[in-house]
Amino acid sequence: MASITFKNNPVTLLGNEVKVGDKAPEFTVLANDLSPFHLKDSAEKVKIISVVPSLDTGVCDAQTRKFNEEAAKLNNTEVLTISVDLPFAQRRWCGDNGLEHVITLSDHRDLSFGQAYGVAIEEMRLLARAVFVIDTNDKITHVEYVQEATNHPNYDEAIEAAKKAA
C-alpha cells in the first residue's frame, strides 16, 4: 500500500492500491443531485480522477480549479473530483466558484471509491489526495498517491498522461 502522511502524521489507507496498467476498478459515488454515479458513466472518455480530502480547503480548492482550467483544453476528457464532502456542499462550492468543467462526486455514503482505489484514510474518514488517469478502455495510465496529503499533486504529469490517453 501507498504510505502517506496528513500534516506530517502517518495515516492508514484502506482498500486496494491501484497501479498503472490495472483495469480501473468500478465504484459507486453520489452526484450532486444524489443520483448514483459509476465509472461506466464516463465510458469511452479519458478520465482524470482528482481525489481531495475536502473542497473547502485551500489546496483542494486550488487542485480542483487547476483541473477545471485544464479540462477545458482537453478533448474527450472528463475530470471527476471525488471527496467525502456531502453532495449539497459540493454543488454549493461549484456554484459559488463557477466551475463548469469538473464533475464533483461524493464518496461520503460508503467509501466505495476510497476502498476500490486505496485512498480511504481510516483515522479520519477522508480521502487521501491522489490523481488517477484512466483511458477510454478503462485502463489506468497514471497514478499519483500524494505522499503528504496537504501538498499539491503533480499537475503537469497528470495532464500529460491524459493527453497521451486521448
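**Around Cys60 and strand S6**

Setting aside neighbours within four places in sequence, Cys60 is in contact with Val52, Pro53, Ser54, Leu55 and Arg129. That is the picture in this model, which is a predicted one. Cys60 sits in helix H1, and the unreviewed UniProt entry lists this residue under "active site". Is Cys60 buried or exposed? Its relative accessibility comes out at 0%, so Cys60 counts as buried, the cut-off for that being under 20%.

Helix H1, which spans residues 58–71, belongs to a bigger arrangement: together with strands S6 and S7, it makes a right-handed β-α-β unit. Strand S6 is a handy place to start looking around. S6 covers residues 46–51, and six of its six residues are buried, so the strand is largely enclosed by the rest of the structure. The side chains split into two sets: Val46, Ile48 and Ser50 point one way, while Lys47, Ile49 and Val51 point the other way. Both sets are buried, with Lys47 among them.

What does S6 pair with? One partner is S7, made up of residues 77–83; the two strands run parallel and are joined by six bridges. Within this pairing, Ile49 of S6 is found opposite Leu80 of S7. Another partner is strand S11, residues 130–134, and here the pairing is antiparallel, with five bridges. On that side, Ile48 has Val133 in S11 as its bridge partner.

Just ahead of S6 comes Lys45, a residue of the loop that links strand S5 (36–38) to S6. How much of Lys45 is accessible? The relative accessible area is 30%, so Lys45 is partly exposed, a label that applies between 20% and 50%. Not counting residues up to four places away in sequence, Lys45 touches Asn76, Glu78, Ile134, Asp135 and Thr136. Two of these deserve a second look. With Glu78, Lys45 shares a side-chain polar contact of 3.3 Å. With Thr136, the point of interest is the path along the chain: Lys45 and Thr136 are 91 residues apart in sequence, yet their C-alpha atoms are separated by 4.8 Å.

Put together, the loop residue Lys45 leads into a strand that is largely enclosed. That strand pairs in parallel with S7 and in the antiparallel sense with S11. Helix H1 joins S6 and S7 in the β-α-β unit, and Cys60 is located in this helix.

Terms used
Residues are numbered from 1 along each chain as its sequence is written. This is a predicted model: local features need pLDDT of at least 70, side-chain atom pairs count only at pLDDT 80 or more; totals for chains, interfaces and linings use all residues. Side-chain values use heavy atoms; hydrogens and water are left out. Buried means under 20% relative accessible area, exposed over 50%, partly exposed in between (1.4 Å probe, protein chains only). Helices (H or I, at least four residues) and strands (E, at least two) are DSSP runs, numbered from the N terminus. Two strands pair if DSSP finds at least two bridges between them. A crossover is right-handed if, with the strands pointing away from the viewer, the path from the first strand over the helix to the second runs clockwise. UniProt positions are given in the numbering used here, feature names are shortened, and annotations may be inferred rather than shown by experiment. Contact means heavy atoms within 4.5 Å. A polar contact is a pair of N or O atoms within 3.5 Å; within protein, one must be able to donate a hydrogen and the other to accept it, and residues adjacent in sequence count only if both atoms are side-chain atoms.
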